[in-house]
Amino acid sequence: MTDRREFRDLVSPDVAHEIIHDLPIASPPETVSLTSARGRVLAERIDADIDVPGFDRASMDGYAVRGRDTFGADEAAPVDLDRIGAVHAGATPDITVDSGEAAEISTGAVMPPGADAVVIVERTQEHDDGATVRVHDAVAPGDNVMIAGTDVAAGTRALGPGTRLTPREIGLLSALGVESVPVRGRPTVGIVSTGDELVRPGSTLDTTRGQIYDVNSYTIAAGVEEAGGEAKLYPHTGDDYDEMEQLLIEAADECDLVLSSGSTSASAVDVIYRVIESRGDLRLHGVAVKPGKPMLVGELDGSAYIGLPGYPVSALTIFRLFVAPAIRSVAGQPNPQTATLTGKMAVEERYAEGRLRLMPVGTVSNTVGETLVYPVDKGSGATTSLVEADGVVAVDPDTEYLATGESVTVELFSPDVRPPTLLGVGEDDPVFSRILDTLSNPRYLAIGSREGRRRLRNDVPDIAVVAGPSDRSLDTISLGSWKREWGLLVPTGNPANIDELSDIIEMNQQFVNRRTDSGLRRELDATIDSLADDRNVSREKLTQSIQGYERGAKGVESPARAIIQGNADTGLGLRITATERDLEFISLGTQQVSVEANPNRIEKSGVEELSDHLDSDTVNIDSYHGYEH
Ligand SMILES: Nc1nc2c(c(=O)[nH]1)N[C@H]1C(S)=C(S)[C@@H](COP(=O)(O)OP(=O)(O)OC[C@H]3O[C@@H](n4cnc5c(N)ncnc54)[C@H](O)[C@@H]3O)O[C@H]1N2
Ligand code: MOO
């Protein structure tokens, strides 16, 4: 037990920022060519070595003249000048314009000696077979001419240090003939994800061994690049001390900053802090934020080191809060624009762990333009906790309770986050999920019919999709409904010869159920109830004999997938799934699926859009197997 770490003294986020600020993350400036300069930050000022333009330049097509010759000219009293030749862009003029003369000139050409203005071609006419130019307009010296150095004069400061190079600045540098520029270094950030369970996307998972795809290496690498660093992925390390030490030292030698993820916490196998303690200097272990408490900060072999917690939400939250600002500061990148919105809590929320809580939240607007805010907390281990959220609400360590209706400030993940046009919740229905693809920016949380009804009653979502029996009626407006055929899925050829519900009770088959939240499950339970009534036994008596009845799977396709993988003999599902997954289907009936709108949101554009699609031919319900209007 002595190896275990307890987090009694968590440091405050402010102190953590200071400790990270003092880390030696250095990255020397470098010189890059203009073609790779976009997004980089100038390390030094750039002065103009040349005038731009480097000569007096015609800015319109027309005739180069002496302005004084045209004075008084207008439509009624044009002036005739002798046309003495032409000057084109990219050519040295071989003529001089004297008094009473004009030379044809094209935009961008060098003004010929003697000329000081250009009359645009539209205000002239050629006469005498081109020997004379009739000018209908007076021009003053300088008109339609860009004098040498007016864009940039040689010797002036063109761009200052710290300027972020966008296409506009790159344009100026090109005009000055600068071919490569000194820019701030991009710190090299080594990413070491720890855990024997991790596998890189692209390889096959062995879930029996608890393998999962590595998330953090990719989220963190993307975050590093976005902040202006250069990410370098290292192979995974397990929890073996020597292996971890060797990999971390290698990364520290090659990188300006090493970021590990995982192995930060209290378990005896979480050895990473011991590597830092023995090979470097551990300056922080544990910060008072949620999620992300077990963060580590220190130095390792002269490089900066930050240990992120393993849970993807915790890792990314700590990265955004503490690490990204440090990388931006070294790379000279400005802090990104933040955008906040003020909304009202749609539900109440309790929390009392005494840490600054960065609560992921989703937002939805109601028809009077208010923003409603609801927590999206599927836990630190769920990547959807962040994808289904629009931003975070920072809840102060002393705040233990947020009441429904309380005003909160949401910091959006970025200023271009747009709250969904439609927030829907409820049943996982394969056809409704296709309808979603036709809408502009919907968010749909497949949390089941029961939870969907509950949230709709609480006035959070715009719509709920519900199926199956329910004991409570809803005060809602139906936007549409259809019927879907449900029953038992079995492998092709139906090896166990199942043809009715009672077979799975009597035949000792491995069954895959759905969760009690789903309308499909409620339908099954109602059918079992009537079977129990017929036999004059309790529902439990029957369900006890169904292997797998108690454990419900989340997705509408989960039972089918289990059968295909050979992990089950039969499962609860829909005809459409059986057809699409090449399984056989034993029909047990049809159930109604209805799309119910929150009566207070009926005028919201996203709801109107959905309603229109449901009424139109966009959605041909009858074309799906087992579906009918
Ligand atoms: N008894 C205690 N248990 C835990 C505590 C505690 O104080 N006492 N703290 C919890 C908190 S808070 C967090 S956060 C986590 C952090 O744990 P670790 O940093 O040690 O992370 P691991 O245990 O290695 O992994 C946690 C979890 O995340 C998965 N993981 C890890 N790396 C990745 C990756 N690159 N991609 C995707 N998923 C990853 C890993 O498989 C685990 O499921 O500890 C709590 N426990
Ligand atoms: O710090 Mo942990 O991230 O609360 O789950």
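**Strand pairing and ligand environments in the predicted model**

Strand β5, comprising residues 79-87, is joined by four bridges to strand β9, residues 132-135, and the two run antiparallel. Within this pairing, Val79 has Val135 of β9 as its bridge partner. The structure described here is a predicted model. Strand β5 is also linked by four bridges to strand β6, which spans residues 101-105, and here the strands run parallel. Arg83 is paired in this case with Ala102 of β6. Strand β5 is thus bridged to β9 in antiparallel fashion and to β6 in parallel fashion.

The surroundings of ligand 1 were examined next. Its shell consists of 24 residues, of which Glu197, Asp214, Val215, Thr264 and Gly310 are the closest. Polar contacts to this ligand involve both side-chain and backbone atoms of the protein. Glu197, one of the closest residues, places a polar side-chain atom 2.6 Å from an oxygen atom of the ligand. In the case of Asn216, a polar side-chain atom is found 3.3 Å from a nitrogen atom of ligand 1. Ser263 contributes through its backbone, with an N or O atom lying 3.0 Å from an oxygen atom of ligand 1. Of the 870 Å² that ligand 1 exposes when taken alone, the protein buries 70%. The elements that supply two or more residues to the shell of ligand 1 are strand β15 (212-213) and helix α7 (312-331). Classified by residue type, this shell contains ten nonpolar, ten polar and four charged residues.

A second site is formed around ligand 2. The residues surrounding this ligand are Lys290, Pro291, Gly292, Lys293, Pro294, Tyr311, Ser314, Arg355 and Ser380. Side chains of several of these residues make polar contacts with ligand oxygen atoms. For Ser314, a polar side-chain atom is positioned 2.4 Å from an oxygen atom of ligand 2. The corresponding distance for a polar side-chain atom of Ser380 is 3.0 Å, again to an oxygen atom of ligand 2. Arg355 has a side-chain N or O atom 3.3 Å from an oxygen atom of this ligand. By class, the shell of ligand 2 is divided into three nonpolar, three polar and three charged residues, while that of ligand 1 comprises ten nonpolar, ten polar and four charged residues.

Definitions and conventions. Residues numbered from 1 in each chain as written. Chains lettered and ligands numbered in written order. Predicted model: local features only at pLDDT ≥ 70, side-chain atom pairs only at ≥ 80, totals over all residues. Heavy atoms only, no water. Near = heavy atom within 4 Å. Polar contact = N/O pair within 3.5 Å; in protein donor to acceptor, adjacent residues only side chain to side chain. Areas by Shrake-Rupley, 256 points an atom, 1.4 Å probe, with all protein chains shown as cover. Nonpolar A, V, L, I, M, F, W, Y, C, P; charged D, E, K, R; others polar. Pairing = 2+ DSSP bridges.
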